[in-house]
Amino acid sequence: MARVSLLLGVLLACSATLAAANFNQEFDITWGDGRGKILNNGQLLTLTLDQTSGSGFQSKHEYLFGKIDMQLKLVPGNSAGTVTAYYLSSQGNTHDEIDFEFLGNVTGEPYTLHTNVFTQGQGQREQQFRLWFDPTKEFHTYSILWNPKHVIFMVDDLPIRDFRNLESKGIAFPKNQPMRLYSSLWNADDWATQGGRVKTDWSHAPFSASYRGFKADACVAVAGGKTRCGASVGTEGSAGAAAPAAGDWYNQELDLTLQQRMRWVQRKYMIYNYCTDPKRYQQGLPAECSMQQ
């Protein structure tokens, strides 16, 4: 555990810094009838779930590639049956989506971090992890680095998954549809905890998750199918085209050291990988599973 803490500290110290955005300026609370709140002059957002309803919010902007960071502190105690979802998504039957979902558990048992990637409406690319810390005690940063070559999931800047662009091999990749950032806290006790065997204990309600430190170094979709990237807000390009004003993230890949750290996380903390579940696929594993992911 000490080695993990040291590693995370080094990564955080080396990470680029952007000023945290104001939630009032960047997000709309879209449902929950007052259960979602923006507090502290826009620096904190909370979502609440009770037996009547959950709650959720979405970004005012749509993004086409970017480095998205959010600090979350998850529902403490007996969170069984609850799901805190944090994801990018476009709309429609052929939507793209990049998911973090945090599946609650009974007191003393670990959360499950569930990841998935949808391309053109097709998902079923789940990888699940245990976390190496208690995500309810402090805020931790969960990031999506999405560029034309990679979708990289990170926890406190430590990569845990890399979905690569393998279009040359016939594998669809999310690169043409701008996506909003969404988050919600909701009841999913039919499946979320131990396959639905453990139900939500409403005597512990209301359940609450907290958000702060949102940062988006990204290309924002604007009128006419254009994008506006990074600090150079006057520079626009066509959707899907190169983004010269974007930050280093636009061409970022995992170097050998970060690949090794990702493999270490996957060896120690991954508990499910769709690519190692052949019983699920009658026609054989998805094509990308035969290529290094």
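**Strand 4 and its partners**

Strand 4 and strand 12 (residues 179–187) run antiparallel and share six bridges. Keep in mind that this is a predicted model. Strand 4 also pairs with strands 1, 9 and 13, and Met70 makes a good way into the core around it.

**How enclosed is strand 4?**

- Strand 4 covers residues 55–73, and 14 of its 19 residues are buried, so the rest of the structure largely encloses it.

**Who pairs with whom**

- On the strand 12 side, Gly56 has Ser184 as its bridge partner.
- Gly56 is also the strand 4 bridge partner of Trp31.
- Strand 1 (residues 27–31) lies antiparallel to strand 4, with four bridges joining them.
- Strand 13 (residues 207–222) is another antiparallel partner, this time over eight bridges.
- Within that strand 13 pairing, Gln71 bridges to Arg212.
- Strand 9 (residues 140–146) runs antiparallel to strand 4 as well, joined by seven bridges.
- In strand 9, look for Ser143 as the bridge partner of Asp69.

**The core and Met70**

- The largest nonpolar core takes in 62 residues, with Met70 and Trp146 having the most contacts inside it.
- Beyond its neighbours within four places in sequence, Met70 touches a run of aromatics, including Phe23, Phe27, Phe57, Tyr86, Tyr142, Tyr211 and Phe214.
- Other contacts of Met70 include His140, Thr141, Leu181, Arg212 and Gly213.
- As background, nonpolar side chains in soluble globular proteins tend to be buried together.

Technical notes:
Residues are numbered from 1 along each chain as its sequence is written. This is a predicted model: local features need pLDDT of at least 70, side-chain atom pairs count only at pLDDT 80 or more; totals for chains, interfaces and linings use all residues. Side-chain values use heavy atoms; hydrogens and water are left out. A nonpolar core is a set of buried Ala, Val, Leu, Ile, Met, Phe, Trp, Tyr and Cys residues joined through side-chain atoms within 4.5 Å. Buried means under 20% relative accessible area, exposed over 50%, partly exposed in between (1.4 Å probe, protein chains only). Contact means heavy atoms within 4.5 Å. Helices (H or I, at least four residues) and strands (E, at least two) are DSSP runs, numbered from the N terminus. Two strands pair if DSSP finds at least two bridges between them.
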